[in-house]
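User: Could you take a close look at one part of this protein for me, the way its helices pack against one another? A walk through a couple of loop residues afterwards would be welcome too.

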Amino acid sequence: MDAPVTTSRLMPSLDALPAEILLELASYLTSRSDVLQLSQVSPAVYAKVIPALYADVDLHGAEQCERTLTMIERCPDVACHVRKLTVHPEHELVPRPRDQYRAWDNAGVVSRCVMQAAVNLDALAHFEWDGEDMLPDDRMWAELRARCACLKYVGTTFGCFLPRPTSNLFQFNDLAGFALTLKDGFYAHSLHVPSRGGSSAGPRPSVSLKDARRLARGCADADPESEPVFTRLWDMLVLRCPALEALTIVGHSSEPSEAARLYGARWPRLRALTLGALVWNTHAPGQPTVAADFVHFLEAHPTIESLSLLGRPSANQLDLSGLDCAALPNLKEFSGSFTHLRMLVDRVPRPALDQADDNNQAPNPPADANNNANVNPPPEGYTALTKTLTRVCFPHPMHLRDLTPLTVSRVLLGLHALTALKVTFSIQGGYDSNSILRTIVSSCPYLLDLDLTCANKPSFLLDSFASLIRGLTRLRTLTLALVRMSGEEPMHIGASRIALANPRLKAFSVAFIPALAPAALSAAAALAPSPTDGPPTPLERGAFELACDAHGIPVCLRVAQWRALPWLGFSWPAPVGGLGIIGVVGALLVRRAGLGARGKGRASVRRWVYDLRPSGHPDVARAGVGALLVERSPAGEEARLLAFCACLGALTVWALVTRAVRDAGVGVLA
């Protein structure tokens, strides 16, 4: 008789799957922790998932950098899979006491660790150094250049100190990408032109011949201390990197710096351009042009697919209205102010403008034109942006008092290919936030990804938001951050309403951020160091994944929710249903014992599955009385009230029975 076939023999094992399939599965995991858990299934799976686990390494703090880079140095089989390495030597993910923080020597120690690990980084193609003020060891750049033959993207920072003009940083050749971030120390020590020379982003009253020649050479500073440094930098990018595809130059201040030589450079393969803290126009009216301006630079690079113009609009007055209508024909992603996008959309052909300027009047309409038509119709279809632009990001908060729904719709209606939008609104009292949201929904019906932040004041309820975005039938991902309104339902209840209103959503997140008073708003706007700062630390946030059946009907939500208690002076994971007396006592005991982290402490995440099907569904497990008593809903409140009344009635009956028994006993004794 044949032996029975066990179930374990029929079920395939993960160890038997090829490495290609496991790597394909790992590519669908959005969290690094999920990839790590997949690799810990077995030693065989770990060996196959190593390329996905170590392909992108991001290190924070000196301790983590030393530990991980030492491991990479000792394990060549792991180091050969590292393709991107980002190092933050002076940025700790978890704040530590000052006596345990060695900030003054972090850059030197970490850079020497990178230098020693570079021997095994054969596949490294992308390296970023994100320091603050101290310079790394210059030998690190020499080792990376000599050992990493695949290295094509380099990123670095300038702070209080600048590298020497003979630094190995300026010896790279044939780079495909370069990123430079000017930190706060760069501006605090007046290493940029406007603060040292007393100029501003506006027109200069006079330009001497010596200054004109200096600008033509592309100097980044009038002071000899930084002039040779930036000259060598531009020589490397302009002369020895002709195939540059990505360039990023940003700063942590709204005060501009010179970039004259940048506008005269030409890179035929340039795809991504991110600029900030620059002087957009390098010549003054009435003065000879010493370098091509930014508009001509954009017209000379038709291959640009991603354009990011960072910096506050009030600080960087960039005029893109003169940009040729045929410029930027392949632009797919744009990040900047709403004014800049409106200038790009409202471009008109230059012949019409030239004719109007010559005649000092608008061009004559045709004889059969409608006299009642709009004199200045939206220039829809003039530019290629209507068919190419797919992603738009507004990193600066947009004030509703400066915008009208008609202005927003006029710009967004012309972008027919728009599928991703990221926008932040600053809510003021007396302005209708629902109207601007309805405008976005009606103007962008084909959105797939929406990132919306409504800061400063409460804007709308999650129930109202779910009703407003019903028109976005193709929406796949959603990121929402807003100030919680009084009377708001629990977050997972509001998230369930959003999921039921948009069953095609795959994943979305909701965050409740703190509100700011009017005085704090003006102070925050004046003191904010960077225009790209995100929303404040949320008081409560949740990540949700929607699961549907074969017919597309929502079944359940996978919820991961985090909540902070700022009134206790530190972050503490509270239960979603509210803070009970046990939670308060436990938090106070932990705080007294010194186990709670003040400020930004570690917090646990509560994960569970929330069923979206009605309670009468045959596949839904019926909740017991205990679940009804702790439920935050009108039914739960009524159940708790009835339970309280029942307890009072029981206590009353018990008191009456006890008294009757006592009186009966006294009568018997008498």
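Analyst: Let's start with the overall picture. The protein has 25 helices and 18 strands, and what you're looking at is a predicted model. Of its 670 residues, 42% count as buried. If you take the contacts with a separation of 6 or more, 76% of them join residues that are 24 or more positions apart.

Now for the helices, beginning with H4, which spans residues 43-53. Which of its residues are buried? They are Val45, Val49, Ile50 and Leu53. Looking down the axis of H4, you'd find these buried residues within an arc of 155 degrees, so they line one face of the helix. The general background is handy here: an α-helix has 3.6 residues a turn, so residues three or four places apart point the same way. As for what sits over the buried residues of H4, the cover includes helix H2 (19-27), helix H3 (32-39) and helix H6 (76-79).

H3 deserves a look of its own. The axes of H3 and H4 come within 8 Å and cross at roughly 160 degrees. An angle over 145 degrees counts as roughly antiparallel, and that is therefore how H3 and H4 run relative to each other. On the H3 side, the contact is made by Arg32, Val35, Leu36, Leu38 and Ser39, while H4 brings in Val45, Tyr46, Val49, Ala52 and Leu53. Sorted by class, that contact of H3 with H4 has eight nonpolar residues, one polar and one charged. Val45, Val49 and Leu53 turn up here again, having already been listed among the buried residues of H4.

Further along the chain there's another pair to compare notes on, helix H15 (residues 338-345) and helix H18 (residues 405-412). They pack at an angle of about 50 degrees, and their axes are 10 Å apart. That angle makes H15 oblique to H18, and the crossing is left-handed. H15 contributes Phe338, Leu341, Arg342 and Val345 to the contact, and H18 contributes Thr407, Val408 and Val411. By class, you get five nonpolar residues, one polar and one charged.

What about the buried residues of H18? Those are Val408, Ser409, Val411 and Leu412. They cover an arc of only 165 degrees around the axis, which puts them on the same side of H18. They pack against H15 and also against helix H19 (433-443).

Finally, the two loop residues. Leu475 lies in the loop between helix H20 (462-468) and strand S14 (477-483). At 0% relative accessibility, Leu475 counts as buried. Its C-alpha atom is separated by 4.2 Å from that of Leu448, although Leu475 and Leu448 are 27 residues apart along the chain. Leaving aside neighbours within four places in sequence, Leu475 is in contact with Leu447, Leu448, Asp449, Leu450, Arg504 and Leu505.

Pro503 is found in a loop as well, the one between helix H21 (491-501) and strand S15 (507-513). Is Pro503 buried or partly exposed? Pro503 is partly exposed, with a relative accessible area of 32%. Pro503 and Ala547 are 44 residues apart in sequence and 9.0 Å apart in space, C-alpha to C-alpha. Beyond its neighbours within four places in sequence, Pro503 is in contact with Leu546, Cys548, Gly552 and Pro554.

Conventions:
Residues are numbered from 1 along each chain as its sequence is written. This is a predicted model: local features need pLDDT of at least 70, side-chain atom pairs count only at pLDDT 80 or more; totals for chains, interfaces and linings use all residues. Side-chain values use heavy atoms; hydrogens and water are left out. Buried means under 20% relative accessible area, exposed over 50%, partly exposed in between (1.4 Å probe, protein chains only). Helices (H or I, at least four residues) and strands (E, at least two) are DSSP runs, numbered from the N terminus. The arc is that of the directions from the helix axis to the C-beta atoms. Contact means heavy atoms within 4.5 Å. Axes are lines fitted to C-alpha atoms, for helices over the stretch in contact, and angles run from 0 to 180 degrees between N-to-C directions. Angles under 35 degrees count as roughly parallel, over 145 as roughly antiparallel, 65 to 115 as roughly perpendicular and the rest as oblique. A crossing is left-handed if the near helix is turned anticlockwise from the far one by less than a right angle, and right-handed if clockwise. Ala, Val, Leu, Ile, Met, Phe, Trp, Tyr, Cys and Pro count as nonpolar, Asp, Glu, Lys and Arg as charged, and the others, Gly among them, as polar.
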